[in-house]
Structure formats: C-alpha cells, structure tokens
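Colleague: Could you walk me through how you justify the labels on this one? I'd like to hear the reasoning, not just the terms.

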Amino acid sequence: MTDLLKLSGVHTHIGRYHILQGIDLAVPQGQVTMLLGRNGAGKTTTLRTIMGLWQASSGEISLAGMRIESRATPDIARLGVGYVPESMAVFSDLTVKENLVLAARDGPLDDAQLDWIFGFFPALRRFWLSRAGSLSGGQKQMLSIARAIIEPRKLLLIDEPTKGLAPAIVMALIECLKEIKRKGATILLVEQNFFAARELGDSVLVMDNGTIVHRGEMAALAADVPLQERLLGLSLEAHQ
Amino acid sequence: MTDLAATDPLPKPKRDLAPVLLPIALALLMIPLIGSTSSWLTLTAASLAMGMMIFIMASGLTLVFGLMDVLNFGHGAFIAVGAYVATLVLAPFAASIQADSLWMNLAVLAPAALLSMAVSGALGLVVERVLILPVYGQHLKQILMTTGGLIVAEQTLYALWGPQIIPMPLPASLRGSFILGDVAIAKYRVLAMLIGLAVFIAIQLVLNRTKLGLLIRAGVENREMVEALGYRIRRLFLGVFMTGSALAGLGGVMWALYREQVHASMSDDLTVLIFIVVIIGGLGSIGGCFIGAILVAMVANYGGFLVPKLALVSNILLMVAILMWRPRGLYAVTSR
C-alpha cells in the first residue's frame, strides 16, 4: 500500500507556542487513518498545517510524492485535498446549493455525484434552496462533508465530524463515512469519539503533546483496553 | 429517523425587515415634525440623493472591511482623485457642458465619470499592492499606512492643481427642478438617486447571481474556508478593492457636481459619514450599507432642518442608537 500523504519531522509554531514538535506520519492510499488524542494534543493543528492554514516551521509534507509544506492553501486544495474543519464552516448566508456550487471548483455540479451524495444525505436535496445557516447541526455537518466530496479528491482531511451531535445522528454520519470509504477515498480523520474511530479506522495514530506516541492498526487498539487507557485516558467500554 | 433524513420541515428563514422599515418609519415620523408637506418632500428627496451618493462611495469600503478585515482610512483619496480627474475632461468641454442639450451634457459627463472610475480603480491597485499588502492582519499599521497614503494623495493633488477650490458647475440640462404641484425636486438629485439605485441593483445582481458574487459573499463570512476550497482570495480581494476604489471615484464626481466644486480635502467630512455608514450597516453588508447611507443622509437633512445645532453630532447619535439596538450593525455578515 503506497502512502498518499507523508509528514516528516513537522514542527508548527503558533505565535510563541510550539504546537507540533516533530510529527512523522503516513496516510496510506485508500485507507481511513484515524488521528486520536486528548484535547490540545495537536490534532487540529496537524490538519491545518497539512492544509497550509498554518505554516510548518520546519519539516516536510508530501502529497503523492510532491512537497507541499510551502504551498499556499488554495494550491494545496487544488492538488485534490478536501478539508472539513471542526467548526463545519458552512457559509451560512449562502444556500445549500450555493455552498456546493462554490465547492465544485472545476465547473458545474455533476448530476451523478450529486445523486450519490443525496443518497446518503437526503436532507441536502430537500433543503437545496434553504440558507445553510438555518440547517441543524447534523445537516450542517452533512453539507460540510458534501462540500469536500462534491468533486473527486485525492485526500480528505476531516476534523471531528461527530462533535456535538446527537447519538442517532452520529450513527447515521458513521454510515455516510463508511459509504465514502467504500468508494476508495483516502481519509485522515480526527475523532474524539472512540466508537466512531473503531467503526471507521483502518489504521490509527495517537498524538500527545504535539508528537505521535502510537501508530498501528485500529483493530488492535480497539482490542487492547489497557493501551486505550494509557494513550487516551479512556477505554472503549467506558466510552460506550 | 434522524434529522439527516429531513423528516421535519426546516423552519423558514426569517426575513429581517426591521432595518428596511427603519428609514420608512423615520421619514413618516418626520411629517408632523416638519409640518409642511412640500418641505418634507424636498428634504426626503435630498436625503435619498445624498444617501445614494454616500452609498456609492461606501459600498466598496464595506466589502473591503468585511472581506479582508482591512481598515482603509485612505478611502477618501479615491473620492478626491475621482473628482479631480473629472475636471480634466469637463474643463476642456465646458461649452458642451453648458449647452442646453441633455445628450451633449451626457456625452461629456459619461466619459468623465468613466475616466474617474478607471483612474481611481488603478490607484486602488497601487495602494493595495504598495500600502496594504505588507500590513495584512495588522490593524494599527493599516491605519497608519492608509492615513499616510491619504495625506500624500491630498498633497499631491494640491501640488498638481493648486490649493484653490475648482468650480465644477452642473451641466445646463441638470440645473433646475422638477415641479410637482408646490414641490420642487432638483433634477440632479433625481439623477443621483437613479445612479445610486442602479449601482445597488448591479452590485446585488453580481453578489447574488454570479459565482464571483458567491465567492465574495462567502469570503466576507469565512475567507479561510474559501481558500480551503481552492480559491485565491487575495486576487479576489484585489478585484474588490479596485472596484471599491472605482466606485469611490464615481461617488467623488457625483459629490463634486452636487457641491459644484472640487478641492483636495473634499473627502475629509465624507470619510466620517462613510465610516458611520459602514459600521451601522454591518461590516461587509451591501444591504446594510444601502440602508445605513439613507439613514445617515436622512438624519443629516431632517436634523439640519429641525435642530441645526445638533447637525454636527446627529450621525454620531444615530450610530450609537443603532449599535445599542444591533451591536454588529443592521445586517451582521461577519463575526467581527
């Protein structure tokens, strides 16, 4: 399995704070790689650094063999990286349709792709001409993910998609992400919900204090309760 | 079933009409206070004309504020430059301007306005590249740089045209008034209203019917996410900045014709009004800017008629009142 995304020795400073302290990670093509860790471990900073929203102070980031650490965010997006931020960041003043029209950078909306998206996000079809600001939290998350997959992307960076959502919505969202995974998407997924991580992840990276402290198979971590407690301060059983 | 399946109807978005009703309510409230219907109509027409001119000058600034969080205290330079450039066309064709033919007047006025817009827009390009690009994200430096730019621009105009006030008479066909019963409405004010309305409609069409407009609206709300979708927002901002500068130039020509004179510091008082309009309208909101401009003009005109001593502070009081009601302006677009 080739690695689509590789980070080697990446450091990121935000102001005087040294957040990422030498990150080494690889995201294999066609897999879902979970990025777990406690609050403040540096997970969101990692995604934002890959996306170019915060500049890496040192280190290398390569996408399909191409160095991207010094590229601007729009250039990284144009290389085929879709980003779903923690805040969802839908354009609330724009309609659902307008949000997706903007996300479809390369031309008009593709009907087949839209039908595929509507298949698991039916709310988006129904509220097509409604302002995104009037959607519920779960529907906004759907829109945010739909925006990232409205055109084929090499890599999806998704930051805590289940955060703040009701359990029933989380289950539906997991099914959606599984469907996206079945299409062969490569995803780097930050998640605090260990149940969702276990359902979706092929491999797992655990962060602490700006470094990767564990890497391995998601199934192995899910089966090892003491390791979960040591790395994350919780066990899957306790989380459920 | 979850809300992902959309079983429940989505609440209809509320149309926020309160700000739209505000100038209407204010105008109606003034009828008994002013007493004379003809005076009220004259003042209302003057307010709408003045409001449209202020809107034209402020519309670019509100998008610049909202889109890139740039405090451009030098916006007034584009107004003055626009007015001076118009004199370059109007002076040699003074005979055509004073001819009693609307078409001859417009044949000179239109190129003068277009040239003013082109020069102001080009100046906007230079200002953005030279003064603003190095200080993105640094508000204090933006204020210093753009205020310095305004001073340089004013002094350059003095050096090129001299310190004297340059007359800019209205074209012959735009002098006088339309008489409706015992009400007289100046022809030029009607033209100013029509141009302002046309600019407002054009901006609304671009913002709501084109992908470029979608990008601008999205960028005002969350420029980082627009970049994460693959759009180079700096280029977009440059385009908006140049357009805003060009509109300020157009506003400068219209204001100079309204006052029938041009001088280098003509924008000093206007800049205060423009900033008040941008703030009370809500940063980045064209609709708010439009209503705010009308409100500011109404308060200036009605206030000047009823309580002349309050004229100097009336717009500050208006701003305080609006911000107490809606702290982020009439229509909050950005979270700033």
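What follows is a chat about why certain labels were used.

Modeller: Sure, and keep in mind that this is a predicted model.

Colleague: Let's start with the loops. Why is A:Ala89 called buried?

Modeller: A:Ala89 has 21 other C-beta atoms within 10 Å. The label takes 20 or more, so A:Ala89 counts as buried. A:Ala89 sits in the loop between β6 (81–84) and α3 of chain A.

Colleague: And what is notable about phi of A:Ala89?

Modeller: Phi is near 55 degrees there, a positive value in a residue other than glycine.

Colleague: How do you know that A:Glu160 is buried?

Modeller: By the count again: A:Glu160 has 23 C-beta neighbours inside 10 Å, and the cut-off is 20 or more, so the label holds. A:Glu160 lies in the loop between β7 (155–159) and α7 of chain A. Its phi is positive too, about 45 degrees, although A:Glu160 is not a glycine.

Colleague: What makes A:Ser203 buried?

Modeller: A:Ser203, in strand β9 (residues 203–208) of chain A, has 20 C-beta neighbours inside 10 Å. Since 20 or more is enough, A:Ser203 counts as buried. Among the residues A:Ser203 touches, leaving out those up to four places away in sequence, are A:Pro28, A:Gln31 and A:Met218. A:Gln31 is 172 residues from A:Ser203 along the chain, yet their C-alpha atoms are separated by 7.7 Å.

Colleague: On to the sheet. What makes β2 (17–28) and β5 (66–67) of chain A edge strands?

Modeller: Each of them pairs on one side only. The order is β2-β1-β4-β5 in chain A, an open sheet of four strands with antiparallel pairing.

Colleague: How do you know that β4(A) and β5(A) pair?

Modeller: Two bridges join β4 (residues 58–63) to β5(A). Pairing needs at least two bridges, so these strands pair. In one of the bridges, A:Ser62 has A:Arg67 of β5(A) as its partner.

Colleague: And how many bridges join β1(A) to β2(A)?

Modeller: Nine, with the strands running antiparallel. With at least two required, β1(A) and β2(A) therefore count as paired. A:Leu5 stands opposite A:Val27 in β2(A). These two strands form a hairpin with two residues between them, and A:Gly15 in the turn has a positive phi of about 60 degrees.

Colleague: Which strands does helix α1 (residues 43–50) of chain A lie across?

Modeller: β1 (3–14), β2 and β4 of chain A, and α1 runs at about 70 degrees to β2(A).

Colleague: Now chain B. What is the span of helix α12 (residues 311–325) of chain B, and what is expected?

Modeller: The 15 residues of α12(B) reach 22 Å from first C-alpha to last, close to the 21 Å expected at 1.5 Å a residue. In that helix B:Ser314, B:Asn315, B:Leu318, B:Met319 and B:Ile322 are buried.

Colleague: Why are those buried residues said to be on the same side of α12(B)?

Modeller: Because they cover an arc of only 135 degrees around the axis. Their cover includes α10 (267–281) and α11 (286–306) of chain B. The face turned away from the buried side carries exposed residues, among them B:Leu312, B:Ile316 and B:Met324.

Colleague: Last one: how many residues are in contact between chains A and B?

Modeller: 32 residues of chain A are in contact with 24 of chain B. By class, the chain A side has 19 nonpolar, seven polar and six charged residues.

How values were computed:
Residues numbered from 1 in each chain as written. Chains lettered and ligands numbered in written order. Predicted model: local features only at pLDDT ≥ 70, side-chain atom pairs only at ≥ 80, totals over all residues. Expected span 1.5 Å × (residues − 1). Buried ≥ 20, exposed ≤ 12 C-beta atoms within 10 Å, placed from the backbone. Arc of directions from axis to C-beta. Contact = placed C-beta atoms within 7 Å. Axes fitted to C-alpha atoms, helices over the stretch in contact; angles between N-to-C directions. Nonpolar A, V, L, I, M, F, W, Y, C, P; charged D, E, K, R; others polar.
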